[in-house]
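Q: I would like to learn how to read a model like this one, feature by feature. Could you walk me through it?

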Amino acid sequence: MKLAVAAAGISSFALLYAPQPVLPQLAEQYHLDPGSASLAVSVATGALAIAVLPIAALSEIVGRRPIIVASVTLSVVLGLLMPLAPSYPLLLVLRALQGIAIAGFPGVASAYLVEQLGRTGVAAAVGAMIAGNTVGGMLGRLSAGFTAEAFGWHGALAVVAGVALVCSAVTILALPASTTRPAGDGFRSVLTGIGTALRRPVLLVQYSVALVAMGAFVAMYNVAGFRLTSEPLNLSPAIASLVFLAYAVGSVSSSNAGRLVARFGRPRAVLGGLTIMAAGILLTLPDSLPLVVAGFVVLTGGFFAAHAVANGWAAAEAPEGARGQASGTYNLCYYLGSSVGGTLGSVVFAHAGWTWLVFAAVIWLALAGFAVLSLRAGRVRATAPSH
């Protein structure tokens with residue numbers, strides 16, 4: 001089961017973010033500004049955000065495993081078709097459909113694992129899933145970045161789709177059949193749970209952290225290729241794609257989030273992650289390659305720590321009858337942040353440059369920090385202890 005969910009995570013997130021390192025090539029071929037080119041990422045994450053809750057509701061009716069299998073299969077098929085797209089608008093249509101297909105995995109996987117393993121046995125499998133998600137995001141970006149120079153962006157996306165094809169086959173073969181049967185009133189209970197998940201202020205704060213932090217994070221990475229391949233840094237696309245190795249730091253920081261919570265409590269841990277993110281973003285201001293690289297490493301470590309703590313906080317505070325819906329709403333905000341924040345940041349960069357993008361991202365993080373501080377100050381009442 002751990003192998004199956006890890007492979008699904010690699011497949012899904014490699015496909016989701018594969019276009020990110022080839023955005024400069026897309027911009028050059030189709031005569032786009034960075035904001036328009038970034039739609040190749042944003043339309044997929046936006047479609048994922050919109051689809052995740054309806055697909056979660058559908059899984060209550062048809063079962064979890066069929067949704068996961070359909071998700072990895074359809075997303076790979078669309079990934080194989082994407083290099084054949086004759087125009088940029090059609091490419092965006094395929095990316096939107098792919099985002100909807102990918103939504104079936106993050107929207108359903110956690111509920112599937114809890115049902116299969118129970119609450120006491122689920123931790124290791126969830127850890128494998130998150131590791132697969134992180135590795136997939138890094139692998140997709142690196143594979144596309146390293147092959148784009150030799151094969152163009154078409155070939156780069158085809159290589160990533162080939163990797164995802166192998167991983168999806170592993171998932172289909174290894175994923176056990178569900179041991180629980182869908183409830184007949186699943187759709188009504190999902191709608192009721194969504195209403196419950198939207199009424200708790202402490203949950204609303206975690207959704208805001210997901211929205212804003214992910215927006216700032218993706219905005220920086222969307223234009224990283226433009227920053228690194230243009231003057232004065234002037235790197236080749238393959239070398240520039242090495243910046244995505246910073247994701248390895250994210251896997252370390254997210255896996256240690258539990259220790260941060262145990263030592264500092266959830267509010268301080270989230271605030272610390274947001275502060276580290278802001279520090280990393282500010283490090284990228286000078287035209288110095290070592291500082292820019294260091295900034296992305298620090299940014300990535302801070303983001304994954306803040307995300308892991310906020311995600312766990314939302315799960316801990318969610319009422320028993322609305323845990324899945326709270327998780328789905330968190331994912332909705334997370335990927336909506338990726339879509340909206342990523343595009344908005346790219347537009348800021350295209351019209352005002354890197355410095356203004358940096359300041360915009362820091363301001364977004366400050367707003368998330370104020371939301372968390374409102375909980376600590378008692379202006380928003382949490383419904384459970386923070387430890």
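Q: Let me start inside. How many residues does the largest nonpolar core have, and which residues have the most contacts inside it?
A: Happy to begin there, and please keep in mind that this is a predicted model. As a general idea, nonpolar side chains tend to be buried together in soluble globular proteins. Here the largest nonpolar core has 120 residues. Phe-217, Met-220, Tyr-221, Met-277 and Phe-296 have the most contacts inside that core.

Q: What does Tyr-221 touch, leaving out residues up to four places away in sequence?
A: A list of partners shows which parts of the chain meet at one side chain. For Tyr-221, the partners are Gln-20, Val-243, Phe-244, Ala-246, Tyr-247, Phe-296, Leu-299 and Thr-300. Phe-296 also appears among the core residues with the most contacts.

Q: How many helices and strands does the chain have?
A: The secondary structure count gives the overall plan: 17 helices and 0 strands. You can add burial to that picture, since 56% of the 387 residues are buried. As for the outside, the chain exposes about 15300 Å², with carbon and sulfur atoms supplying 69% of that area.

Q: What share of the contacts between residues at least 6 apart in sequence join residues at least 24 apart?
A: This is a way of asking how contacts are spread along the sequence. In this chain the share is 84%.

Q: At what angle do the axes of helix α1 and helix α5 cross?
A: To read a helix pair, take the distance, the angle and the hand together. The axes of α1 (residues 2–17) and α5 (residues 64–81) come within 10 Å and cross at roughly 35°. The crossing of α1 past α5 is left-handed.

Q: Which residues meet where α1 and α5 are in contact?
A: From α1 come Ala-8, Ser-11, Ser-12 and Leu-15, and from α5 come Val-72, Ser-75, Val-76 and Gly-79. Sorted by character, the residues of this contact are 4 nonpolar, 4 polar and no charged.

Q: Is Ser-75 buried or exposed?
A: Relative accessible area answers this, with values under 20% counted as buried. Ser-75, in helix α5, has a value of 0% and is therefore buried. Beyond its neighbours within four places in sequence, Ser-75 is in contact with Leu-15, Gln-98, Ala-101 and Ile-102.

Q: Which residues does the cis peptide bond join?
A: Look at omega for this one. The cis bond joins Glu-231 and Pro-232, and omega is about 5°. Pro-232 sits in the loop between α10 (224–229) and α11 (237–240).

Q: Where is Asn-234 found, and what is its phi?
A: A positive phi in a residue other than glycine is a feature to look for in the backbone. Asn-234 has a phi near 55° and lies in the loop between α10 and α11. Asn-234 counts as partly exposed because its relative accessibility is 47%. His-31 also has a positive phi, near 55°, and is found in the loop between α2 (23–30) and α3 (34–37).

Q: Is His-31 buried or exposed?
A: The cut-off for exposed is over 50%. His-31 has 73% relative accessibility, so this residue counts as exposed.

Q: How many residues apart along the chain are Val-348 and Gly-35?
A: Here you set sequence separation beside distance in space. Val-348 and Gly-35 are 313 residues apart along the chain, while their C-alpha atoms are separated by 8.0 Å. Val-348 belongs to helix α16 (residues 323–352), and its contacts more than four places away in sequence are Gly-353, Trp-356 and Leu-357.

Q: Where is Ala-109 found?
A: Ala-109 is in helix α7 (residues 104–174). With a relative accessible area of 0%, Ala-109 is buried. Ala-109 and Gly-9 are 100 residues apart in sequence, and 9.6 Å separates their C-alpha atoms.

Q: Which helix holds Ala-158?
A: Ala-158 is also placed in helix α7. Its relative accessible area is 35%, so Ala-158 is partly exposed. The C-alpha atoms of Ala-158 and Pro-83 are 6.2 Å apart, with their positions 75 residues apart in sequence.

Definitions and conventions: Residues are numbered from 1 along each chain as its sequence is written. This is a predicted model: local features need pLDDT of at least 70, side-chain atom pairs count only at pLDDT 80 or more; totals for chains, interfaces and linings use all residues. Side-chain values use heavy atoms; hydrogens and water are left out. A nonpolar core is a set of buried Ala, Val, Leu, Ile, Met, Phe, Trp, Tyr and Cys residues joined through side-chain atoms within 4.5 Å. Buried means under 20% relative accessible area, exposed over 50%, partly exposed in between (1.4 Å probe, protein chains only). Contact means heavy atoms within 4.5 Å. Helices (H or I, at least four residues) and strands (E, at least two) are DSSP runs, numbered from the N terminus. Accessible areas come from the Shrake-Rupley method with a 1.4 Å probe; for residues, only the protein chains shown count as cover. Axes are lines fitted to C-alpha atoms, for helices over the stretch in contact, and angles run from 0 to 180 degrees between N-to-C directions. A crossing is left-handed if the near helix is turned anticlockwise from the far one by less than a right angle, and right-handed if clockwise. Ala, Val, Leu, Ile, Met, Phe, Trp, Tyr, Cys and Pro count as nonpolar, Asp, Glu, Lys and Arg as charged, and the others, Gly among them, as polar.
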